[in-house]
Amino acid sequence: MAETRCVSCGAAPLAPILDLGTTPLANALLTKDQVGRPEPRFPLELRFCAACSLVQITEKIPPEQMFREYAYFSSFSDTIVSQAAELAARLVRERSLGADSLVMEVASNDGYLLQHYRKAGVPVLGIEPAVNIAKVANERGIRTRCEFFGRGLADQLRAEGLQADVLHANNVLAHVPDLNGVVAGIARVLAPGGVGVVEVPYLRDLIEKCEFDTIYHEHLCYFSVTALDALFARHDLGLAAVERIAVHGGSLRLFAVAGAARGPSTQKLLDEERAAGMLGHAYYAGFARRVEALRRELLALLKRLKAEGKRVAAYGASAKGSTLLNYFDIGSSMIEYVVDRSTEKQGRYTPGTHLHILPPDRLRSDRPDYLLLLSWNFLEEILAQQAEYRTRGGKFIVPIPEVRVV
Ligand SMILES: [Zn+2]
């Protein structure tokens, strides 16, 4: 097998950070008939590029295999919908957008973000590779093309006279095998003076808060500002500003503009990363040990609760939950079932661990003593929704960044 090269800069070799063994695809939920049949598993290993500081996994799964029936609908999260409204209002104001403008979003999902521009009278175009989700968006009146975004589509859109004054790409960059193709596409599709607003989970939060479960096959890359600055500069996009935001356990929001100089906020984060040691492999050395310690602690708690006769279910059939359950080998002997608000997921089974996914209503009739919170990135939202469960004495086990019961 050829040596694995960095997906951004092409350098090799890549230094190991964490080996998660082999796991099934995190979003490959099973139907009842599929449970018990052989499930494909793939190696999952995190590595570091010393040349450009990009952290990445080495196993590449064809995107067609992963995105065809991607079951994550943005509108099912209250937090994401309310933050989308604020962000759209801010950009309409700051960029003076109107009926002559065009806002695009790559991986636009069901139109959760673009709907706010549309309401403000700004024309929109969504680009969404999942067939079922693009269909829902179009039915809701959000003009959406069902395609993968890259250089080719960007050139095609330009040729049709479609250029973006604002282009959003939220949680896209980590997912794409052709990283340079997508950033080149952003550069080509922006109108003169246009801005690319790009959100990615922040590597610094992942490492410092032990968010190892955000590592799964769909997430190919884990970004520092240092790695992003090099990637965007390669395509003549400057990071005019970078903000740290709370979404998904800690993320970055980049404002990329053709030919722009690094803004003060960008330079500040670059300096902080250098000072923290993130440009060297040593920074990542303790991470695997901390993940192991977390595993021991969580398993000990679940075993103790079992011994005490407590009943434990889980909340959130999320992709990150799949990594946590599979890597920690937590299955139906410890967890009875998992509840999730997404009607797309209900009735199916979690990959590898085969927990039955039920609607949250089940908690009212069934009353398990504890819920392992697999969607810990929506902790506050879920605690608010489950106030009744908690009032009656139900408790949540929050696994990340450290094991605690609330
Ligand atoms: Zn590299």
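Let me start with helix α11, residues 319-328. In this predicted model, where local features need pLDDT of at least 70, side-chain atom pairs count only at pLDDT 80 or more, and totals for chains, interfaces and linings use all residues, 10 of the 10 residues of α11 are buried, so the helix is largely enclosed by the rest of the structure. Residues are numbered from 1 along each chain as its sequence is written, and side-chain values use heavy atoms, with hydrogens and water left out. Buried means under 20% relative accessible area, exposed over 50%, and partly exposed in between, with a 1.4 Å probe and protein chains only. Helices (H or I, at least four residues) and strands (E, at least two) are DSSP runs, numbered from the N terminus.

The buried residues of α11 include A319, K320, S322 and N326. Their cover includes β1, α10 and β15, the last of these at residues 370-373. Directly after the helix, D329 takes a positive phi of about 55 degrees.

Which residues of α10 meet α11? They are V291, E292, L294, R295, L298 and L299, and on the α11 side the partners are L324, Y327 and F328. Contact here means heavy atoms within 4.5 Å. By class, this contact has seven nonpolar, no polar and two charged residues. For that count, Ala, Val, Leu, Ile, Met, Phe, Trp, Tyr, Cys and Pro are nonpolar, Asp, Glu, Lys and Arg are charged, and the others, Gly among them, are polar.

Now the geometry of this pair. Helix α10, residues 287-307, packs against α11 at an angle of about 80 degrees, with the axes 11 Å apart. That makes α10 roughly perpendicular to α11. The axes are lines fitted to C-alpha atoms, for helices over the stretch in contact, and angles run from 0 to 180 degrees between N-to-C directions. Angles under 35 degrees count as roughly parallel, over 145 as roughly antiparallel, 65 to 115 as roughly perpendicular and the rest as oblique.

Two of the α11 residues just named also interact through their rings. Rings of Phe, Tyr and Trp (its six-membered ring) pair if their centres lie within 6.5 Å; planes under 30 degrees apart count as stacked, over 60 as edge-to-face and the rest as tilted. By this rule the count comes to seven aromatic pairs. One of them joins Y327 and F328, a tilted pair at 5.9 Å centre to centre with 35 degrees between the planes. Both Y327 and F328 are buried. Elsewhere, F48, Y283 and Y284 form one aromatic cluster.

Next, the loop that precedes α11. G316 is found between β12, residues 312-315, and α11. At 1% relative accessibility, G316 counts as buried. Leaving aside neighbours within four places in sequence, G316 is in contact with V338, V339, D340, L374 and S375. The C-alpha atoms of G316 and L374 are separated by 5.3 Å, although these residues lie 58 apart along the chain.

A second glycine may be set beside this one. G263 sits in the loop between β11 and α9, the latter at residues 264-276, and is buried, with a relative accessible area of 6%. Not counting residues up to four places away in sequence, G263 touches L239 and A240.

I turn to helix α4, residues 131-139, in which I133, A134 and A137 are buried. They cover an arc of only 100 degrees around the axis, which puts them on the same side of α4; the arc is that of the directions from the helix axis to the C-beta atoms. The buried residues pack against β6, at 144-145. On the face turned away from the buried side are the exposed residues V131, K135 and E139. G141 follows the helix with a positive phi, near 90 degrees.

Finally, the backbone. Most residues other than glycine have a negative phi, and most peptide bonds are trans. A107, in the loop between β4 and α3, nevertheless has a positive phi of about 60 degrees. H248 also has a positive phi, of about 55 degrees, and lies in the loop between β10 and β11. Are these two residues buried or exposed? A107 counts as partly exposed at 25% relative accessibility, whereas H248 is buried at 17%.

Where are the cis peptide bonds? One joins A12 and P13, with omega about -5 degrees, and P13 lies in the segment before β1. Another runs from I400 to P401, with omega near 5 degrees, and P401 is in the loop between β16 and β17.
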